[in-house]
Amino acid sequence: MEQSNGKKHFHCKDVGYACDWQLEGDSEEEMLPVIEQHAAEVHNLTHFKEEAVEHVKEAIRRNG
Ligand SMILES: [Zn+2]
């Protein structure tokens with residue numbers, strides 16, 4: 001995975017799903033709604049709790 005372009009990355013499996021979906025973006029703020037939509041459509045997670053949002057942000061930070 002190329003990470004030298006300053007982009008942030010999110011991998012769905014980083015938050016515990018057996019899922020290969022990943023996302024690249026410039027900021028957490030930009031990525032979160034897309035991740036939320038993916039979670040709703042693919043994982044039936046219709047309500048994204050604050051706790052889950054923090055979990056996602058942590059995963060993004062770990063990936064740089
Ligand atoms: Zn997923």
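This passage walks through the fold, the core and one helix of the protein shown above.

The model is a predicted one, so a look at its confidence comes first. The protein averages a pLDDT of 86, and 91% of the residues score at least 70. Broken down by element, strand β2 (residues 22-25) has the highest mean pLDDT, at 96, while α2 has the lowest, at 87. As a general point, predicted coordinates should not be read in detail where pLDDT is low.

On to the overall layout. The protein has two helices and two strands, and reading along the sequence gives the pattern β-β-α-α. In other words, the strands come before the helices. The C-alpha trace spans about 35 × 20 × 15 Å along its principal axes. A compact globule with 64 residues would have a radius of gyration near 11 Å, and the protein has 11 Å, so the two agree. Buried residues make up 11% of the 64 residues. As for how the chain meets itself, take the contacts with a separation of 6 or more: residues 24 or more positions apart account for 39% of them.

What sits in the middle of all this? The largest nonpolar core is made up of six residues: F10, M31, I35, A39, V56 and I60. Both helices take part, since α1 (28-43) and α2 (50-62) each supply at least two residues of this core. Helix α1 gives the most, with three residues.

Helix α1 is worth a slower look. Its buried residues are M31, I35 and A39. These three cover an arc of only 75 degrees around the axis, which puts them on the same side of α1. From there, the buried residues of α1 pack against β1 (8-11), β2 and α2. The helix has another face, turned away from the buried side, and that one carries the exposed residues E29, E30, P33, V34, Q37 and E41. So α1 has a buried side and, facing away from it, a set of exposed residues.

One of the buried residues, M31, makes a handy example. M31 is found in helix α1 and belongs to the largest nonpolar core. It counts as buried because 20 other C-beta atoms lie within 10 Å, and 20 is just what the cut-off for a buried residue asks for. Leaving aside neighbours within four places in sequence, M31 is in contact with K8, F10, L23, G25 and I60. Of these partners, F10 and I60 are members of the largest nonpolar core as well. M31 also shows how a folded chain can bring distant stretches together: M31 and H9 are 22 residues apart in sequence, yet their C-alpha atoms are 8.9 Å apart in space.

Past the end of α1, the picture changes. The helix is followed by N44, which has a positive phi, near 55 degrees. N44 has this positive phi although it is not a glycine. This residue is found in the loop between α1 and α2. Is N44 buried or exposed? N44 is exposed, because its count is 7 other C-beta atoms within 10 Å, and a residue with 12 or fewer is called exposed. Side by side, then, M31 is buried with 20 such atoms around it, whereas N44 is exposed with 7.

Definitions and conventions. Residues are numbered from 1 along each chain as its sequence is written. This is a predicted model: local features need pLDDT of at least 70, side-chain atom pairs count only at pLDDT 80 or more; totals for chains, interfaces and linings use all residues. A nonpolar core is a set of buried Ala, Val, Leu, Ile, Met, Phe, Trp, Tyr and Cys residues joined through C-beta atoms within 7 Å. Helices (H or I, at least four residues) and strands (E, at least two) are DSSP runs, numbered from the N terminus. Two residues are in contact if their C-beta atoms, placed from the backbone, lie within 7 Å. pLDDT is the predictor's confidence in each residue, from 0 to 100. The radius of gyration is taken over C-alpha atoms; the globule rule is 2.2 Å times the number of residues to the power 0.38. The arc is that of the directions from the helix axis to the C-beta atoms.
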